[in-house]
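Hi,

Here's the structure I promised to pass on to you. Have a look at it first, then read my notes underneath.

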Amino acid sequence: MPLISDIFSATGPLALQIDGYQPRQAQIDMALAVEETIKKQQQLVVEAGTGTGKTFAYLAPALLSDKKVIISTGSKALQEQLYHRDLPKLLKVLTIGKKTALLKGRANYLCPYRLNQHVSHVPTDDIDVMHELAMVAKFATQTKTGDMADCIGIEEDAKVLPYVTSTAENCLGKECPEFDNCYIKKARLKAIDAELVVVNHHLFFADMAVKEGGFGELIPTASAYIFDEAHQLSEIASQYFGQSVSTKSLFDLINDLRLVYRTELFDMIQLGKSLDKLQSSVADFRLQFPLESSRGDWRETHKNENVKRAVERIINDITFLYQVTKLALARSDNIAHLFDRCVELRKLLDLMFDTKAHGFSYWYETTKRNVTFNITPLNISDKFAALIEKSDAAWVFTSATLSVKDDLTHFNLALGLKPSKSFIVESPFDYHNQALLCLPRYLPEVNSPDMAHSLVKIALKMIAAAKGRCFILFTSYRMMNLVAEGLSKLVQYPVFVQGQTSKRILLEKYIRHGNAILLGTASFWEGVDVRGSSLSCVIIDKLPFVAPDDPLLQAKMQDCKMQGGDPFALIQLPQAVITLKQGVGRLIRDQNDKGVLVICDNRLVTRQYGGLFLASLPAMQRTRDLDRAADFLTLIE
């Protein structure tokens, strides 16, 4: 078996087979640390600056080990890139045979049973759904994996997906008539047989939650777990170590029960009435909240008398539905699983509407149609540490953004980690010569009504100098839309705005044009890799502090204060620093890239904590002169 140091050397297989490969000591150091951690089943934390080559640094030792390894990434897009691009390339270079598997959450796989159900009885008059249903039916005759990402014409937010995929609640398991053809079952069997499995963080924690319940898990047990984009773990783990229920899950139950009512139990008038009553009460409940999407403290909102009455109506109506569905159990084989879902939802609603538990944040989130209730633990470090302790496995955590001012304490404490080794490997990029940071003078205060006008003015100057080729990253949709409206009438280059179409298609269009402008919020601050001349300037509207009225943040801050800590220094500031580092990381993605970063927030120079942000960023040249920044851009090819 080849040595790690040989693989990454100037005469090793990577150098011989990959164009432009150059040995990097930082990459070798990381790979050796991962190898040792897997061998000794320890904990390792590594911040690997952009350009380190961290993917190969953990993939190579994972592939060369004789242990089963689970690799978890931050998103489905990164998961697919890792599995379809990076992994095959490295397997070819190393000339080794390893069984690998890609495993996604069940909502990503076609469910033949639900497809057949809804093709036979079309669930809606919506033309889009009917058209998409026909496309999925055609896809079903051709696919071997059932992965909906391969279904051309069906985007990840397509209306048809709930009708042709399953959830943990509505999956029939071994009782399903299509169990032998189940794509989820096939994917899991492949994962059990594989030596290396690629998952994503959401699936990993959803699976941990299911394992605690003792059934239905997808991810097999492994001897080593490697988390890329590990800076996301604390927030994602909180979601899954807590509990949630949504009005959407109630509507899904109503729709599935209505299908059985119309096809098998059409003479059971009480069932139809109970479904109508619950549907009406759930729809009316949504009207108790503002029309626009929002988040709020559920404990406070629950005190409102109108909300209380709406809650009581839902509880009464789901209890009525429970009683009627119980009567139908003897009449249909398809009703038992739906009855179980009704029981489970009733329990969850009772839990959500009783807000007395301490150490948790009770909060809600609304979309145009639905409300989701969440009970989120304020501290998951003990629970995650117990998970690691129980596993008897190696655990590796890596990302380009884990530290605050070269200190990894915040990350380790949040997850309860006690790493045998933790270190930071610097980016090999020459930021001083490749990039310029501009902090413009004479900016209004960040919440001033004049801010949108100033951003448009700055953006126009940078866009003209860069000949398009700009990302403008925002902390709110409101500001993004205001600036988009101002720019669209004043620039000659294509302007793409988040929300116009899917993230993947927006990025493809941006890169294809080569001189476009892209405006985005949170999802564009990370996991976006645009190399070369298509991107020369990144403009950030303000420091990415979480909104102070965010209910989860408020609860964490109150808890921190009660324990004698400083909530701003211990919670708000580290989160904002790490998020800013992610946004800044969009600019320089390659050793040949050059560009200008503009941060339009005068708090970087007027507040004491501004120094902490600046000390956490790469060592770029700095200026306060927009003309100098524009001159830098005009020299970029």
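Below is what turned up, starting with salt bridges and ending with the surface.

One thing to keep in mind: this is a predicted model.

**Salt bridges**

A search through the whole structure turns up 29 salt bridges. A good one to find on your screen is Asp627 with Lys461, where the closest N and O atoms are 2.8 Å apart. Asp627 sits in helix α27 (residues 626–634) and Lys461 in helix α20 (residues 451–466), so this pair ties together parts that are 166 residues apart in sequence. Asp627 is partly exposed, at 44% relative accessibility, and Lys461 is partly exposed too, at 32%.

Next, try Asp529 and Arg589, whose side chains meet in a salt bridge at 3.0 Å, N to O. This pair links distant parts of the chain, 60 residues apart: Asp529 is in the loop between β15 and β16, while Arg589 is in the loop between α24 (567–584) and β17 (595–599). Are the two partners buried or exposed? Asp529 has a relative accessible area of 29%, so it counts as partly exposed. Arg589 comes in at 16%, under the 20% cut-off, so it counts as buried.

Arg603 and Asp601 also form a salt bridge, with 2.7 Å between the closest N and O atoms, and both of these residues are buried. There's a network of salt bridges as well, linking Lys277, Asp284, Arg313 and Asp317.

**Two buried residues**

Ser536 is in the loop between β15 (517–520) and β16 (537–540). With a relative accessible area of 1%, Ser536 is buried. Leaving out residues up to four places away in sequence, the residues Ser536 touches include Ala466, Arg469, Leu587 and Ile636.

Ile375 belongs to strand β9 (residues 371–377) and is buried at 6% relative accessibility. Ile375 and Tyr240 are 135 residues apart in sequence, yet 9.8 Å apart in space, C-alpha to C-alpha. Beyond its neighbours within four places in sequence, Ile375 has contacts that include Gly242, Leu351, Phe360 and Tyr362.

**Out on the surface**

Glu169, Glu175, Asp340 and Glu344 form a negative surface patch. Glu175 from this patch is in the loop between α8 (161–164) and α9 (183–193), and is exposed, with a relative accessible area of 66%.

There's a nonpolar surface patch too: Val122, Ile127 and Met130, which together have about 270 Å² of accessible area. Val122 is in the loop between α6 (112–120) and α7 (127–140) and is partly exposed at 43% relative accessibility.

Cheers

Notes: Residues numbered from 1 in each chain as written. Predicted model: local features only at pLDDT ≥ 70, side-chain atom pairs only at ≥ 80, totals over all residues. Heavy atoms only, no water. Patch = residues over 30% accessible without salt bridge, like charges linked within 9 Å, V, L, I, M, F, W, Y side chains within 5 Å. Areas by Shrake-Rupley, 256 points an atom, 1.4 Å probe, with all protein chains shown as cover. Salt bridge = Lys/Arg side-chain N within 4 Å of Asp/Glu carboxyl O. Lys, Arg positive; Asp, Glu negative; His and termini not counted. Charge placed at Lys NZ, Arg CZ, Asp CG, Glu CD. Helix = DSSP H or I, 4+ residues; strand = E, 2+ residues; numbered from the N terminus. Buried < 20%, exposed > 50% of the residue type's maximum accessible area, 1.4 Å probe, protein only. Contact = heavy atoms within 4.5 Å.
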